[in-house]
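Here's a quick briefing to read alongside the model. Have the viewer open and click through as you go.

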Amino acid sequence: MKLLLASFLLTSLASAAQFSVEKTATGGAIVKVDGQVFAEYVVDQANKPYLAPVFGPTGKQMTRNYPMITIEGEQHDHPHHRGICFGHEGINGIESWAERATFGDSAKTAERVKSLGSEKHREFKTLEAKPDSAVLVSIIDYLDPSGKKYLEEERTMIFTAGEGTRSIELKQVLLATEGPVNFEDKKDAGLSIRVPTEMAVNIEKNKKGSGHIINSEGITDVEAWGKRAKWCDYYGTVGGEKLGVAMFNHPSSFRFPTPWHVRDYGLFTANPFGTKALDKNAPDGAYELKKGEYTLLHHLFYFHKGDEKEGKVAEAYEAFAKK
């Protein structure tokens, strides 16, 4: 029975769907499944690469349009929340979480503007469509405000599709190639997705959305913020359909199980860097990599129908965790 269950779960994460990968004119890539766009990897529109738009198993868009496209009725806050992306407020004192548009012309944020760096996609090490998946491996240089490199990332993205599901697995190797690298304990750091406006728990003050949050420990909605868990799920109504996206934290990932910087307005982040920043009773989580050392982050975005029970999120996580 256990073998049959494991086989079923693995099949749910990958199927015979036909994948293709096309390089874009701007240096990024578009992943398609059965001829339809699954996700675009954009490398030239911000101070970091990102995946947007991303479409779920029924064809509905599972990422907010803003700031790439401005649509009436959608939330227009936090312009640095671009689809699926990674950033950190303080590595060697340099910020890649925010971007210039984040701060406007406020004098109060002048110092943060000065510390803005970038994550620059250098090249694709792999750009491949397999019979049942697509694989992108992006080499990313982390640059300080003057353009000097201080960190390197190898980001592997594996796209799969199953019966009623789609998944994007990310393996991130952050390597100190240039010298020592200090990661500060920050609230705004980690791997994120910004979900569609209507899917938020609370769209704005006194305006509820259709969404709910639940993690592997059964903690829900606003109470899930800052809590450690193996997975966290955000689900709600998108275009008339009940859909969700779960983020899985693999046991091999840095500081597993990760704390979740997950907000009721639609931000959803796995942040193992912020310990005291997310829990005042926790020790400071700042740490240093010596030259040649690395940190491994390993997650999976699991797009599904229904809530966490209908989407079999817990079962799918167990299959992922055994990889």
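What follows covers confidence, the two sheets, a helix and some ring contacts.

This is a predicted model, and the chain comes out at an average pLDDT of 94. Two open sheets of 8 strands are worth finding: one runs from β1 to β17 in strand order, the other from β6 to β14. There are also 14 aromatic pairs to look through.

**Confidence**
- A pLDDT of at least 70 is reached by 95% of the residues.
- Residues 1-15 are the part to handle with care, with pLDDT below 50. Beyond near neighbours in sequence, that stretch still has 21 contacts in the model.
- Where pLDDT is low, predicted coordinates shouldn't be read in detail.

**The sheet from β1 to β17**
- Going across, you pass β1-β2-β3-β4-β5-β11-β18-β17, with antiparallel pairing.
- β1 (19-23) and β17 (260-262) are the edges; each has a single partner strand, so one side of each has no neighbour in the sheet.
- From one strand to the next, the twist averages 25°.
- At the β1 edge, β1 pairs with β2 (residues 29-33) in the antiparallel sense over 5 bridges. Look for Val-21 opposite Val-31 in β2.
- β1 and β2 make a hairpin with 5 residues between them, and Gly-27 in the turn has a positive phi of about 100°.
- At the β17 edge, 3 bridges hold the antiparallel pairing of β17 with β18 (residues 267-270). There, Val-262 has Phe-268 of β18 as its bridge partner.

**The sheet from β6 to β14**
- The order here is β6-β7-β8-β9-β20-β16-β15-β14, and the pairing is antiparallel.
- β6 and β14 (212-215) sit at the edges, each pairing on one side only.
- Ignoring direction, neighbouring strands of this sheet are turned by 20° against each other on average.
- β9 (residues 165-175) and β20 (residues 294-305) run antiparallel and are joined by 11 bridges. Gln-172 has its bridge partner in β20, namely Leu-297.
- Helix α4 (residues 313-321) lies across β9, β15, β16 (241-249) and β20. Its angle to β16 is about 30°.

**Aromatic pairs**
- Two rings are described by the distance of their centres and the angle of their planes.
- Tyr-41 and Phe-124 have ring centres 6.0 Å apart and planes at 55°, so this pair counts as tilted.
- Tyr-41 is in β3 (residues 36-42) and Phe-124 in β6 (residues 118-129), so the contact ties together parts 83 residues apart in sequence. Both Tyr-41 and Phe-124 are buried.
- Tyr-234 and Phe-268 make another tilted pair, at 5.9 Å centre to centre with 55° between the planes.
- With Tyr-234 in β15 (residues 231-238) and Phe-268 in β18, the pair ties together parts 34 residues apart in sequence.
- Tyr-234 has 0% relative accessibility, so it counts as buried. Phe-268, the bridge partner of Val-262, also counts as buried, at 0% relative accessibility.

**Other ring contacts**
- Which residues do ring pairs link into a cluster? They are Phe-86, Phe-183, Phe-254, Phe-273 and Tyr-287.
- For a charge over a ring, go to Arg-166: its charged end sits over the ring of Phe-38, 5.1 Å from the ring centre.

Notes:
Residues numbered from 1 in each chain as written. Predicted model: local features only at pLDDT ≥ 70, side-chain atom pairs only at ≥ 80, totals over all residues. Heavy atoms only, no water. Pairing = 2+ DSSP bridges. Helix = DSSP H or I, 4+ residues; strand = E, 2+ residues; numbered from the N terminus. Axes fitted to C-alpha atoms, helices over the stretch in contact; angles between N-to-C directions. Phe/Tyr/Trp six-rings, centres within 6.5 Å; stacked < 30°, edge-to-face > 60°. Buried < 20%, exposed > 50% of the residue type's maximum accessible area, 1.4 Å probe, protein only. Lys NZ or Arg CZ within 6 Å of the ring centre and 35° of its normal. pLDDT = per-residue confidence, 0-100. Contact = heavy atoms within 4.5 Å.
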